[in-house]
Amino acid sequence: YPSGNLAIIVARERDRLICIVQEDELKTARIRALFQSDGRSTCYYPNGDEWINMTIQGGQYLDQAGNRVRRWMWPNLSPGPQVPLSPIFISLNRHVGVRILAQDKIFVSFLAMGRQAKFNIGTKVQAGAASQLPPPARLGEDELLLLAFRVRILQLFDRMRGCLNFPSSEQWNKIQPPMYLMTQAVKILELCMAADISDELRSSIRAIVNA
């Protein structure tokens with residue numbers, strides 16, 4: 001961002017790529033969107049509520065009250081009648097936008113100071129791959145909370161180390177958390193989506209890892 005805060009991260013974890021969009025914040029960079037090369041993606045409202053959720057089968061668009069506004073299926077990946085996708089464009093903030101045209105045409109655009117960068121983070125999942133993917137792990141409420149608090153504690157320890165390294169400066173506020181902590185936070189958010197828990201608890205866990 002023009003402020004110097006990190007906006008977009010693209011990282012590799014084993015055999016998949018992850019694209020993370022962060023909010024323009026100094027101390028705590030909340031996750032505004034997460035895109036994965038295995039076909040799973042989520043965008044969040046500024047308050048942390050789910051905005052758009054996509055899987056290898058299709059996706060859904062929710063309003064800020066949690067009501068489903070739109071739902072679609074990717075062609076040739078799901079049995080039964082197909083619900084086509086009408087192009088979607090959302091602005092995560094004044095600099096970052098997301099345009100969804102097709103499963104392999106999902107664009108993250110970044111505009112600042114008269115210059116633009118565009119990333120195509122869509123992926124084309126083969127029809128046979130949908131049935132080969134293992135089901136996501138499902139954890140209970142207590143386990144998810146423990147994982148979230150563990151990541152939060154590690155985040156605080158990392159921030160304390162930054163404060164000790166720069167005791168007379170505010171530079172430590174600009175230091176991004178280690179990639180492994182960001183990856184763990186992303187995994188917890190994925191587990192929350194797969195778990196059978198209340199929306200209130202899901203929102204609380206998001207708030208803990210993004211605090």
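Let's start inside the protein: its largest nonpolar core is made of 27 residues, and those with the most contacts within this core are Phe35, Cys43, Ile52, Ile90, Leu92, Val98 and Ile100. Several strands feed into this core, with at least two residues each from strand 2 (16–22), strand 3 (31–36), strand 5 (50–54), strand 8 (88–91), strand 9 (96–102) and strand 10 (105–112). Strand 10 is the one that gives the most, namely four residues. Keep in mind as you look around that this is a predicted model.

Cys43 is a good place to zoom in. Leaving aside residues up to four places away in sequence, Cys43 touches Arg32, Ala33, Phe35, Asp49, Glu50, Trp51, Ile52, Ile90, Leu92 and Val98. There is also a second, separate core, which has 22 residues, among them Ile31, Val151, Ile188 and Val209. As general background, nonpolar side chains in soluble globular proteins tend to be buried together.

Now step back to the whole chain. The protein has four helices and 11 strands. Of its 211 residues, 43% are buried. Among contacts with a separation of 6 or more, 38% are between residues 24 or more positions apart. The accessible surface is about 11900 Å², and carbon and sulfur atoms account for 55% of that area.

The strands are worth following sheet by sheet. In one open sheet, seven strands line up in the order 1-2-3-4-5-6-7 with antiparallel pairing. Its edges are strand 1 (8–13) and strand 7 (68–73); each has a single partner strand, so one side of each lacks a neighbour in the sheet. On average, and with direction ignored, neighbouring strands here are turned by 15 degrees against each other.

Within that sheet, look at how strand 2 is held between its partners. Strand 1 and strand 2 run antiparallel and are joined by six bridges, with Ile8 having Val21 in strand 2 as its bridge partner. The hairpin formed by these two strands has two residues between them, and in it Arg14 adopts a positive phi near 55 degrees. Strand 2 also pairs with strand 3, again in the antiparallel sense, over five bridges. Along this pairing, Ile20 has Leu34 in strand 3 as its bridge partner, and Gln22 stands opposite Ile31 in strand 3. How many of the seven residues of strand 2 are buried? Six are, so strand 2 is largely enclosed by the rest of the structure.

The other open sheet to visit has four strands in the order 8-9-10-11, and its pairing is antiparallel. Here strand 8 and strand 11 (115–120) are at the edges; each has a single partner strand, so one side of each is left without a neighbour in the sheet. From one strand to the next, the twist averages 15 degrees. Strand 10 and strand 11 run antiparallel and are joined by six bridges, and Ser109 stands opposite Lys118 in strand 11.

A last stop is the aromatic rings, where the count comes to three aromatic pairs. One of these is formed by Trp72 and Trp74, which meet edge-to-face, at 6.0 Å centre to centre and with 70 degrees between the planes. Trp72 and Trp74 are both buried.

Technical notes. Residues are numbered from 1 along each chain as its sequence is written. This is a predicted model: local features need pLDDT of at least 70, side-chain atom pairs count only at pLDDT 80 or more; totals for chains, interfaces and linings use all residues. Side-chain values use heavy atoms; hydrogens and water are left out. A nonpolar core is a set of buried Ala, Val, Leu, Ile, Met, Phe, Trp, Tyr and Cys residues joined through side-chain atoms within 4.5 Å. Buried means under 20% relative accessible area, exposed over 50%, partly exposed in between (1.4 Å probe, protein chains only). Contact means heavy atoms within 4.5 Å. Two strands pair if DSSP finds at least two bridges between them. Axes are lines fitted to C-alpha atoms, for helices over the stretch in contact, and angles run from 0 to 180 degrees between N-to-C directions. Accessible areas come from the Shrake-Rupley method with a 1.4 Å probe; for residues, only the protein chains shown count as cover. Rings of Phe, Tyr and Trp (its six-membered ring) pair if their centres lie within 6.5 Å; planes under 30 degrees apart count as stacked, over 60 as edge-to-face and the rest as tilted.
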